[in-house]
Amino acid sequence: MNIDDKVTSICGVGPKKAKLLEKLNILTIQDLLCHKPAYYRDISSFTPINLLEEDCLSVIKAKIVSLPKWVRKGYRFSLFTFTISDGNGELSINIFNLPFLFKKYQIGDTYIFMGKTKKFRNRLQMDNPEIMHINAFQNFLPYYPLTAGLTQNVMRQIILNALKKVEFSEELTQEFLNQYHIDFLSTAFWNLHFPESSDMLLNAKRSLGLREILLFLYQIRNQNSEEGYATPLHLQPIDQDEYMNRLPFRCTQAQISAIKEIAQDLGKSVATNRLIQGDVGSGKTVVALFAAFVMQKYGYQTLILVPTGLLAEQHYHSAVKLLGEEHVALFTGSMTEKEKKNLQTNIEQGKTSVLISTHAILYAKVTFPKLRLIIIDEQHRFGVAQRSYMANQYSNLHKITMSATPIPRSLAMILHGNAEITVLNELPPGRTPVKTYIVYQNKRKDMYDWINQKVMNGEKAYIVCSLLEASEGISAVSVYDVYMELKNNYPQIKTGIIHGRMKDDDKTEIMRKFITDDISILISTTVVEVGVDVPDATIMVIEDADRFGLAQLHQLRGRVGRGNRTSYCYLICHKSGVERLQTLKECHDGFEIAKKDLIYRGAGNFLGTEQHGEMTFRFVSLLEDIDLFEEAKKILHILPQQYPKDHEFFEKKAQEKNTNMKKYLAI
Ligand code: ADP
Ligand code: MG
């Protein structure tokens, strides 16, 4: 029997059972074997009958000592009963409404009985226990997701029959499997369904999970290589100190090692593809700009893509300080034709080595003769179409991406393919956690009074709303609502509004005013979410906070707490949304928050719909098996050289995937 055979080739599975199995998406033997138990019960230790306690789920091994007797034998209701003994005591077993089993139980047969004990007329008994052959299954009894018409026992029996008959063709080499303690396929499947110990079960799951992730990694590698790779640069080690001396602060340890990694990347014989993940404010920008610095030294060009005009502007200023004004340029959608022409000339002549832009550049006809590196900030904020456009247009470039939505590595690997990952797990010194409060609607007024006080003393605040204008049917406070409210209640406060539909130049102007104290409260939509850096803003108010995801709220909160003053974040909400928001109050670690968000919203939602198709792991949990992803990634690196046969096998399977979506396992 082959793994791809239909389930009907299993003994005991006819058309009727096949139909039921189909409801569980089980068509082939492979599907069946991959139908993993939802949980297991330990049946390895039996309770002696004389020690049974009332209302306890117990497992007994005992012999039938009395012939079954009918108590009632009706059409609608039937009951028969018999007695069992294990040498320590006797127990009555009652079987309700399963009249066809009456003949099955004979005196002298030994079974395992599992069920809850009940007291009746002061004696213990068991009603409809699970009754199993001894030795039929191992120490752990599997429980499967079922559909009406199938029972656990039937499912177990079908799987057992399949396991006994199927011939696994193991194509991975013994050396490879031994080296990484990966179970043979047959062992893995036996132990997945009928493990003898919990260690065996764990290794079975790990083995199947590793096979699955490895195949997945080969698949995404193929996808990436179809796009083509950049030509390696082989750059000589570059003086990192020279760069760091230009910074107005001392780098954190995390930044220093990230910069080192980038220096190494650029010298390697493979294209650079690195994801820098770090919590809000961890200082990713200077790390990425180091790569642009190296490029500049070698006469190459760098394109920095950012999701908003505000951020482009900000990066422009940082880059100018580090790399020199004459070498850095900003491309905006609002440039005149003449300005664009000028820019193009500078780029062509190699004067400009770093260009910073939003996605506007993707559609402008700017050509770079020596473009080698693309740095993408907050990549997840770009739309799907823009991302695929970038992937096509800039496929031959070295790539560094930055993300401040820290996500578990497993997910990062899914989203960013085979990128190497750097984690900035350290904030610059002197930052104190933002004091976070949950504010109910009825306390909102008091909070605003308090903020008024603070602002009169020279502090600055952001107020973020989920809506720009009031909208019918949505009961959320809008930017304009807040603007009018503040104007009426606190006419002396200088407020400003910023939102996504404004022209870039207008946004820049407002931000400039906010930085220079012409505006003390900035009321905004979520445009300020990404990257905006105004170090002396200390208060962040989020209206209708329950309308946002946790990771997003954490991002918004990250806009304050950048200077030395104590900062505050107020999450205004209705009582119902509180449980989720509580996480933010207690936790300041972006990675932890992202994990919680993932749990609340589910992976599909968290990643956006376009990733759905890739989330169908059978044996791997994205949240719990992060270590397994790490392990698989290490294996991936050494496979081609050390285990070429196994490497070939995965390659072949990865290519087959498109023709047969069901081949999720490398078997
Ligand atoms: P993010 O990782 O959120 O993109 P940024 O790169 O915008 O963070 O940095 C946040 C702020 O911290 C900036 O004002 C930056 O100049 C400053 N910064 C970065 N690294 C350090 C450091 N090592 N010491 C002090 N300030 C730093
Ligand atoms: Mg940033």
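The domain assignment of the chain, made on a predicted model, gives four entries: domain 1 covers 1-42 + 152-167, domain 2 covers 44-136, domain 3 covers 237-268 + 283-403, and domain 4 covers 435-587. Domains 1 and 3 are thus each listed as two segments, whereas domains 2 and 4 are each listed as one. Between the C-alpha centres of domain 3 and domain 4 the separation is 30 Å. Domain 3 contributes 10 residues to the contact, and domain 4 contributes 12 residues.

Ligand 1 is surrounded by 16 residues, of which the closest are Arg250, Gly281, Lys284, Thr285 and Asp533. By residue class, this shell consists of 4 nonpolar, 6 polar and 6 charged residues. Arg250 falls within the 237-268 segment of domain 3, and a backbone N or O atom of Arg250 is placed 2.8 Å from a nitrogen atom of ligand 1. Asp533 falls within the bounds of domain 4, 435-587; a polar side-chain atom of Asp533 lies 2.5 Å from an oxygen atom of the ligand. For Arg431, a polar side-chain atom is found 2.9 Å from an oxygen atom of ligand 1. The ligand taken alone exposes 560 Å², and the protein buries 83% of that area.

Within domain 4, whose bounds are 435-587, Ser478 is located in the loop that runs between strand β18 (460-464) and helix α16 (479-489). Ser478 is classed as buried because its relative accessibility is 0%, and the class requires a value under 20%. Two backbone atoms are reached by the Ser478 side chain: the oxygen of Leu468 at 3.5 Å and the nitrogen of Ala470 at 3.4 Å. Leu468 and Ala470 also appear among the residues that Ser478 touches, together with Cys465, Leu467 and Glu469, when residues up to four places away in sequence are not counted.

A further position examined is Thr187, which belongs to helix α5, residues 185-193. The relative accessibility of Thr187 is 32%, so this residue counts as partly exposed, in contrast to Ser478, which counts as buried at 0%. Thr187 and Ala204 are 17 residues apart along the chain, and their C-alpha atoms are separated by 7.4 Å.

How values were computed:
Residues are numbered from 1 along each chain as its sequence is written. Chains are lettered from A and ligands numbered from 1 in the order in which they are written. This is a predicted model: local features need pLDDT of at least 70, side-chain atom pairs count only at pLDDT 80 or more; totals for chains, interfaces and linings use all residues. Side-chain values use heavy atoms; hydrogens and water are left out. Helices (H or I, at least four residues) and strands (E, at least two) are DSSP runs, numbered from the N terminus. Buried means under 20% relative accessible area, exposed over 50%, partly exposed in between (1.4 Å probe, protein chains only). A polar contact is a pair of N or O atoms within 3.5 Å; within protein, one must be able to donate a hydrogen and the other to accept it, and residues adjacent in sequence count only if both atoms are side-chain atoms. Contact means heavy atoms within 4.5 Å. A residue is near a molecule or strand if one of its heavy atoms lies within 4 Å of it. Accessible areas come from the Shrake-Rupley method with a 1.4 Å probe; for residues, only the protein chains shown count as cover. Ala, Val, Leu, Ile, Met, Phe, Trp, Tyr, Cys and Pro count as nonpolar, Asp, Glu, Lys and Arg as charged, and the others, Gly among them, as polar. Domain bounds come from an automatic or database domain assignment.
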